[in-house]
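Got the viewer open? Here is a short tour, stop by stop, with something to select at each one.

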Amino acid sequence: MRRPRTLLLIAAVCAVVGVAIAVAVSTGSTSSQHGLGAIGSRFPAVTLDRIDHGTVTTTSFEGHPLVVTFGASWCAPCRKEYPMLEAARTAHPNLQVMGVLEQDSPSLMRSFMREVGATWPVGDDPDGSVGDRFGITGYPVTFFVDANGYVRGRRAGISDQATLDRELAKIGA
């Protein structure tokens, strides 16, 4: 008689875990409680060589709401997200966007940015070390930072305008 109860208990635990995973995946949230980029933490200074010329640093955007998006030229969800971010920049003149190219070719990313009409500065993270510090495991991952430099949102991909609008509202854009 113990075997059916044990199987029932295992099935119940699997169901609860499955629901929890489904909820986490469906919300697109990758918010972490600890480490760089945790919700409510100060976004750290990040300085990278740009894919075109010069350098880009997060501190140059202080005093403005900032979106920092980690991606690559081969990233299919980036192809949908980047035009929405560019439109948001136009709609919210105070909004700043900074890209971080993860382990990809700068020339391919320059072409990709032209194709999707994105014009913000992109820093190159050729070995992925910056992405690793932020716990980036897939692309895109986008951070929403308020004008005071605090992380108010972190998303794994922005699939629709309503989600983007909610995240932008959190940072006063």
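**Stop one: H2 against H3**

Select helix H2, residues 76–91, and helix H3, residues 106–116: their axes come within 9 Å and cross at roughly 55 degrees. Keep in mind that this is a predicted model. That angle falls outside the 65 to 115 degrees that count as roughly perpendicular, and H2 and H3 are therefore oblique to each other. Turn the view and you'll find that H2 passes H3 in a right-handed crossing.

Now show side chains. On the H2 side, pick Cys78, Arg79, Tyr82 and Pro83; on the H3 side, pick Met109, Phe112, Met113, Glu115 and Val116. Colour them by class and this contact shows 7 nonpolar and 2 charged residues, with no polar ones.

**Stop two: H2 against H5**

Keep H2 and add helix H5, residues 161–170. Here the axes come within 11 Å and cross at roughly 50 degrees, so H2 and H5 are oblique to each other. H2 passes H5 in a right-handed crossing.

Which residues make this contact? Select Met84, Leu85 and Ala88 on H2, then Gln161, Leu164 and Leu168 on H5. By class, that gives 5 nonpolar residues, 1 polar and no charged.

**Last stop: the largest pocket**

Leave the helix pairs and switch on a surface. The largest pocket has a volume of about 160 Å³. To centre on it, select Phe43, Thr58, Glu62, Val145 and Gly149, the closest to its centre of the 15 residues that line it. The lining of this pocket is a mix: 7 nonpolar, 5 polar and 3 charged residues.

Terms used
Residues are numbered from 1 along each chain as its sequence is written. This is a predicted model: local features need pLDDT of at least 70, side-chain atom pairs count only at pLDDT 80 or more; totals for chains, interfaces and linings use all residues. Side-chain values use heavy atoms; hydrogens and water are left out. Axes are lines fitted to C-alpha atoms, for helices over the stretch in contact, and angles run from 0 to 180 degrees between N-to-C directions. Helices (H or I, at least four residues) and strands (E, at least two) are DSSP runs, numbered from the N terminus. Angles under 35 degrees count as roughly parallel, over 145 as roughly antiparallel, 65 to 115 as roughly perpendicular and the rest as oblique. A crossing is left-handed if the near helix is turned anticlockwise from the far one by less than a right angle, and right-handed if clockwise. Contact means heavy atoms within 4.5 Å. Ala, Val, Leu, Ile, Met, Phe, Trp, Tyr, Cys and Pro count as nonpolar, Asp, Glu, Lys and Arg as charged, and the others, Gly among them, as polar. On a 1 Å grid over the protein atoms alone, a cavity is a set of points where a 1.4 Å probe fits but cannot get out, and a pocket is an open set with protein on both sides within 12 Å along at least five of seven lines; lining residues have an atom within 4 Å of a point. Grid points are joined across faces, edges and corners, and a volume is the space filled by probe spheres set on the points.
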